[in-house]
Every structure is written in structure tokens, then in C-alpha cells.
Amino acid sequence: MPELPEVEVTRLSFAPGIRGATIRSASLGKPLRWPLGIAPQQLVGQQVLGVRRRGKYLLIDLSEGLLLLHLGMSGSVIFASAQAEPGKHDHFDLHTSQGTLRLNDPRRFGAVVFASSQDDPEANKLLGRLGVEPLGEDFDGAAFYEGLQQRKTAIKQVLLAGEVVVGVGNIYASEALFIAGIRPTTRANRLSRPRVRKLQDAICTVLARAVEKGGSTLRDFSNAQGESGHFQLEAMVYARQGEPCRQCGTAIKSIKQGQRSTFFCPQCQKP
DNA sequence: CACGGATCCTGATGGC
DNA sequence: TGCCATCAGGATCCGT
């Protein structure tokens, strides 16, 4: 479900409501990808200072540390004043003076991890290898080009790895490469400066647009208010194998790269 | 150190 | 209330 736009839409939908709240209690369901790192009771009494995002991580700033939240493949968050008893796939509840934040994640690839302010939370291992923010000021052409020059792998997989630029998932990687006219199998270090520039613009455009639209609703994405993105992503290539390219009519192709599906137009996207 | 593959887990879908 | 294979929006870890 969540790539950067969905995570950002989630953040925007609950950050104002939870800011300033005091944590009353916290509870865990089944194990997620990583353990919380502390006993849930240790969160009690802490203040929620705000909510930021880094890549696909939600960073909840607390008075004594940082709560890192990742939605994995199937996670979603609800923030509401009254919550029913946790359901089968509800694996984390944060009860606060202003409402309950609940993580629902059927596949449990997501995580909630506490980083104490005693250990420099910003230096958390999970945040260490992340690339530049695509919607931030640091995403400039020169640095992006230099980053890609270091990689001989297919550009699609370099985007997904998140070590050069973060937040581009499987859907938006295919979409951005289509907009930029670049074949997903092209090796990253073989791209010319102008093509890298075009790709950079395409990534910004497609992600920013998706955030504006409230996240794509390819399946069942909804924000923390339970509102589904009232927008169906009009994908140019994603999941459109065999269908005509919206630009030239050529049949969209589907291939596997690193066990993930990739979609592209063999006519519009050049190696 | 850059790369490719295995791996975690549940649910939906489609072929037989 | 059939069973089985395949696939799904992520990303870390491990062997090479």
C-alpha cells in the first residue's frame, strides 16, 4: 500500500490531531518486523511533540525519544478519539490524551521502533542508509547524477533500493521511468546528465501529484481518518501489461526485476 | 563494497 | 468450507 505519497498523506492526516498529546498507554499485538525496543509502559507520560517523515518512515517525536513507524507492504494507521477493541491485524495502539493511534498491518512487514533520546535517535540504524528526500531541497541534479554514476544496476532497482533517493516504490518507479522515457533495465551509470535530469523531474512530479491527490487508491489505501484517497491513480504503465500505451498505443510490457514486477512501454522508453 | 537472492507474513485471485 | 500456485504497494540481511 504505502509508498512515499501514502506515508505523507497518512502523516498529514494525523499529525495536527496528535501534536501536544500525552501518552496514556501503549499496547502491542502480534510481533512486527522488529521489536519496539522498550516496554510499552515506558512510553507512558511522554508528550508527542510532532510527526515528521523520512523516506517511508513516520517519525513521531516524543519528549524523551523518537518513535519510528513503518507501514511495510500492508500497513495503515488510524487516529481516532474512540477505538473499538483491537482487531485481528491491529498490532500497535498508542492511547493518548487526544486520541488513539492504531497500526493495522496484515502482513506485519511494518514496524514500530522506539529510539531513546539518550542514543541520538536521528542516528538510528534504520535511518542510516537512506538516500535524499525527493521532495526536499537537497534533491538536486548534480548529486542525483553522481549517485547514479556509482551504480551499475538497472535504474529501476536503484530507485527501489532507496539509497540514492528515498520513497520511490514499485508503482511510482515504473511511472516515473515512463514519464522520463527511460527503459527500467537501463543501467544507472549509463544515463546521460539530461536523462537523469528528466528522471529527477519525473520523480518529483509524480510523487508530488500523488500527495496532492491524497495518495493512490489502487487497492484500499486510506489515511488516518479512515478516508480513502478519493483518487484513482491513472497509471500510465503500472499493472497495464498488454494494454495500449496511453501515448503511442504499443502494448505495455511486464518483466521481473529482483522479484518485483516492472511495467514499461517498449516504444516510448529507450534503453 | 556493490550486487543478487532469500526472507519475513497474510490475503486475494485465478486455474484446475 | 476445495486445493494449489502465484502474486501483492518493502527493505534488510547474507553470501559472493
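Is Ala 239 buried, partly exposed or exposed? In this predicted model, Ala 239 has a relative accessible area of 43% and is therefore partly exposed, since the buried class ends at 20% and the exposed class begins over 50%. The place of this residue is in the loop between H6 and E9, and its backbone deserves attention as well, because phi of Ala 239 is near 60°, a positive value in a residue other than glycine. For context, most residues other than glycine have a negative phi.

A second non-glycine residue with a positive phi is Gln 259, for which the angle is about 65°. Gln 259 sits in the loop between E9 and E10, and with a relative accessible area of 76% this residue is exposed. A glycine can be set beside these two: Gly 181, which comes just after H5, takes a positive phi of about 70°.

The loop that holds Ala 239 also holds Ala 251, and it runs between helix H6, residues 193-212, and strand E9, residues 253-257. Ala 251 is partly exposed, at a relative accessible area of 39%, and, when residues up to four places away in sequence are left out of account, it touches Gly 242, Glu 243 and Pro 266. As for separation across the model, Ala 251 and His 89 lie 162 residues apart in sequence, and their C-alpha atoms are 39 Å apart in space. Another pair can be described in the same manner: Glu 85 and Lys 30 are 55 residues apart in sequence, with 15 Å from C-alpha to C-alpha. Glu 85 belongs to the loop between strand E5, residues 76-80, and strand E6, residues 90-96, and its relative accessible area of 70% places it among exposed residues.

The cysteines call for a careful reading. A disulfide is a covalent bond between the sulfur atoms of two cysteines, and a search of the whole structure finds zero of them. Cys 248 is in no disulfide, and the nearest cysteine sulfur to its own, that of Cys 265, is 3.7 Å away; because a disulfide is counted only when the two sulfur atoms are within 2.5 Å, this pair does not qualify. Cys 265 is likewise in no disulfide, its nearest cysteine sulfur being that of Cys 248. The surroundings of the two residues can be told apart by their accessibility, for Cys 248 is partly exposed, with a relative accessible area of 35%, whereas Cys 265 is buried, with a value of 0%.

From the loops we turn to the helices, beginning with H5, which spans residues 170-180. This helix is mostly covered, with 10 of its 11 residues buried, among them Asn 170, Tyr 172, Glu 175, Leu 177 and Phe 178. The elements that cover these buried residues include helix H1 (4-18), helix H4 (155-161), H6 and strand E10 (260-264).

How do H5 and H6 meet, and at roughly what angle do their axes cross? The two axes come within 8 Å and cross at roughly 130°, and that makes H5 oblique to H6. The crossing is right-handed. On the H5 side, the residues that meet H6 are Tyr 172, Glu 175, Ala 176, Leu 177, Ile 179 and Ala 180, while those on the H6 side include Leu 199, Ala 202, Ile 203, Val 206 and Ala 210. By class, the residues of this contact divide into 11 nonpolar, no polar and two charged. The spacing of such positions can be read against a general property of helices: an α-helix has 3.6 residues a turn, so residues three or four places apart point the same way.

H6 also packs against helix H3, residues 141-149, at an angle of about 110° and with the axes 10 Å apart. H3 and H6 are therefore roughly perpendicular to each other, and their crossing, too, is right-handed. Gly 141, Phe 144, Tyr 145, Glu 146 and Leu 148 are the H3 residues that take part, and they meet a set of H6 residues including Arg 193, Val 196, Arg 197 and Gln 200. The contact of H3 with H6 holds six nonpolar, two polar and three charged residues. Leu 199 and Ile 203 of H6 appear in the contact with H3 and also in the contact with H5.

Definitions and conventions
Residues numbered from 1 in each chain as written. Chains lettered and ligands numbered in written order. Predicted model: local features only at pLDDT ≥ 70, side-chain atom pairs only at ≥ 80, totals over all residues. Heavy atoms only, no water. Helix = DSSP H or I, 4+ residues; strand = E, 2+ residues; numbered from the N terminus. Buried < 20%, exposed > 50% of the residue type's maximum accessible area, 1.4 Å probe, protein only. Contact = heavy atoms within 4.5 Å. Axes fitted to C-alpha atoms, helices over the stretch in contact; angles between N-to-C directions. Parallel < 35°, antiparallel > 145°, perpendicular 65-115°, else oblique. Left-handed = near helix turned anticlockwise from the far one by under 90°. Nonpolar A, V, L, I, M, F, W, Y, C, P; charged D, E, K, R; others polar.
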